Amino acid sequence: MKIVMVGAGYVGLVSGACFADFGHDVICVDRDESKLELLKLGKMPIYEPGLEALVERNVSQDRLRFSNDLASAVAGADVVFIAVGTPSRRGDGHADLSYVHGVAEEVGRALNGFTVVVTKSTVPVGTGDAVERIIAEANPEAQFAVVSNPEFLREGSAIEDFKRPDRVVIGTEDDRARAAMSELYRPLSLNASPIFFTSRRTAELTKYAANAFLAMKITFINEIADLCEQLDADVQDVARGIGMDGRIGSKFLHAGPGYGGSCFPKDTLALVKTAQDAECPVRLIETTVSINEQRKRSMGRKIIKACGGSVRGKKIAIFGLTFKPNTDDMRDAPSISIIQALQDAGAHIAAYDPVGMESAGGLLTDVAFADGIYEAAEDADAVAIVTEWDEFRSLDLQRLKSLMKTPIMVDLRNIYNSDEVIRGGFSYVGVGRAKTPEATARVLQPEFEAT
Ligand code: UDX
């Protein structure tokens, strides 16, 4: 099939390259000339494992092309995907749909013969209706159907997620569009991945509901982690214990510094706004959003507490800046609020991230970026692990300790076994794993007094 992907950003590029790999003929259209130049040279504008090789293979076999000429690409297409950004609108938190609407109009003018127009961007309920209206106004003769097909790709494992999805959700009420979408995803149905058809509005809401639920699940375990610290229980065992219940499931129960990234913060906020506008507030999600916001800064206070209550004039080494490993994405990364909170309290920050330092540069001020873990830790009063990159999992604790001024480790991703770090001579603080004698005493004391 002939596919056009409008927007060669994260979603468009990964999806376009994967569709080409399925054997379809794909043109990725973008108006950013410098991005197109890079892509034509085989260089990726984003960091995503496996993407460069995938693009190279499909470009060399002539199934994947890049262009800025939307009109001619669309004229020859069976399916046109709209995969442009829907950032949070400044001021009100609603999704900014100006790019989606602009592309819809351009696509509308260029349509030629029956074409399926698919919104892949995460868009509020009713956007499909608006896209349909815009196309019909731009080109009253156009023969088309508008479909919602949200993506559920995780950064860092997007290609694997695309090729082996838990499900594909397709929202359409049009039979021709349904047939075209089935054909498009046929390689996946052969793989036994469920292709789930529903109405367009339902598909749009499904994406937001999925992200909101996952954000809520993370926030739930983060609150339980805080409670564990007060009660001297272990959140990792609680997560294991509840996760074995099939109704709950074990994934997305890792306590940490709060969720970040390009999707959860923006999509939860957009859902809150949509629900408020519909006079049907989603209070669980409203609360999730505010707990997560507060949590990021409170992680800064946690580090300060681990340093004895003050970090004024102290050097704190931050290991990991990106919102999660295997990406260079810094959008809404907890590290930003944590570093800000530490700087506000008078700390000097040295940071190391395997790939995120370039994108972090523009977002952080007065941070000394180091060439490696041990360089960052030199003379530090504490190290804080903020992102769980693999290379932080096997630190040489003796070497680390010998470099630091005081051996304090704050492990915000629980990647270490606390006993091992304590045996290595460190003072160790994880998330939801407090086993300090003081905490035990504080909780047990009232009971002792009563008996
Ligand atoms: C997410 C969704 O998973 C994906 O389906 C959607 O299409 C886009 O948003 P992504 O933003 O790439 O993907 O990251 P994800 O791996 O889901 O993690 C999001 C955030 O939650 C990260 O900050 C991560 O550290 C945090 N997280 C995740 C936790 O703190 N604990 C967990 O158990 C899982």
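**Notebook: core, domains and annotated sites**

I started with the nonpolar core. The largest one has 133 residues, and those with the most contacts inside it are Val4, Val6, Ile316, Phe319 and Ala384. I then asked which helix gives this core its largest share: helix α10 (residues 200–231) does, with ten residues. Domain 1 (2–198) and domain 2 (212–429) both contribute residues, so the core lies between them. A reminder to myself: this is a predicted model. As background, nonpolar side chains in soluble globular proteins tend to be buried together.

**Val4**

I picked Val4 from that list of core residues and looked up its contacts. Beyond its neighbours within four places in sequence, Val4 is in contact with Ile27, Val29, Ala73, Val74, Ala77, Val80 and Phe81.

**The two domains**

I checked the domain assignment, which gives domain 1 as 2–198 and domain 2 as 212–429. Their C-alpha centres lie 33 Å apart. How many residues of each are in contact with the other domain? I find 13 residues of domain 1 in contact with 14 residues of domain 2.

**Strands around β13**

Next I went to strand β13, residues 408–411. Is each of its faces covered or open? Both are covered: Ile408 and Val410 are buried on one side, Met409 and Asp411 on the other. I noted that an Asp is among these buried residues.

I followed the pairing on from there. Strand β12 (residues 382–385) runs parallel to β13, and three bridges join the two. Ala384 stands opposite Val410 in this pair. I had already met Ala384 among the residues with the most contacts inside the core. Strand β14 (residues 427–429) also runs parallel to β13, again joined by three bridges. Here Val410 stands opposite Val429. I therefore have Val410 facing Ala384 in β12 and Val429 in β14.I also traced the connections. Strand β12, helix α17 (residues 397–403) and β13 make a right-handed β-α-β unit. From β13 the chain crosses through helix α18 (residues 418–423) to β14, and this β-α-β crossover is right-handed as well.

**Cys263**

I looked up the UniProt record, an unreviewed entry, and it places the feature "active site" at Cys263. In the model, Cys263 sits in the loop between α11 (235–243) and α12 (264–277). Is Cys263 buried or exposed? It counts as buried because it has 25 C-beta neighbours inside 10 Å, and the cut-off for buried is 20 or more.

**The "binding site" positions**

The same kind of lookup for "binding site" (unreviewed entry) in UniProt gave me Phe152, Leu153, Arg154, Glu155, Lys207, Phe252, Leu253, His254, Ala255, Gly256, Gly260 and Lys324. Do they gather at one spot or spread out? They span 173 residues in sequence and the farthest two C-alpha atoms are 23.6 Å apart, so they do not all gather at one spot.

I took two of them further. Lys207 is in helix α10, the helix that gives the core its largest share. Lys207 is buried, with 24 other C-beta atoms within 10 Å. Apart from neighbours within four places in sequence, Lys207 is in contact with Thr122 and Pro150.

Ala255 is in the loop between α11 and α12, where I also found Cys263. Ala255 is buried too, with 26 other C-beta atoms within 10 Å. Which residues beyond four places in sequence does Ala255 contact? I list Ile221, Asn222, Ala225, Val235, Asn414, Val431 and Gly432.

**Asp96**

I moved on to Asp96, in the loop between β4 (79–82) and α5 (98–110). Asp96 counts as partly exposed because it has 16 C-beta neighbours inside 10 Å. Outside its neighbours within four places in sequence, Asp96 is in contact with Thr86, Pro87, Ser88 and Arg89. I also looked at Asp96 and Ala270: they are 174 residues apart along the chain, and their C-alpha atoms are separated by 9.5 Å.

**Two Asp residues with positive phi**

Last, I looked at backbone angles. Most residues other than glycine have a negative phi. Asp62 has a positive phi near 65 degrees. Its place is in the loop between α3 (51–60) and β3 (64–67), and Asp62 is exposed, with 9 other C-beta atoms within 10 Å.

Asp366 also has a positive phi, about 55 degrees, though it is not a glycine. I find Asp366 in the loop between α15 (357–361) and β11 (367–369). With 8 C-beta neighbours inside 10 Å, Asp366 counts as exposed.

Technical notes
Residues numbered from 1 in each chain as written. Predicted model: local features only at pLDDT ≥ 70, side-chain atom pairs only at ≥ 80, totals over all residues. Buried ≥ 20, exposed ≤ 12 C-beta atoms within 10 Å, placed from the backbone. Helix = DSSP H or I, 4+ residues; strand = E, 2+ residues; numbered from the N terminus. Pairing = 2+ DSSP bridges. Right-handed = clockwise from strand over helix to strand, strands pointing away. UniProt positions renumbered as here; feature names shortened; annotations may be inferred. Core = buried A, V, L, I, M, F, W, Y, C linked by C-beta atoms within 7 Å. Domains from an automatic or database assignment. Contact = placed C-beta atoms within 7 Å.
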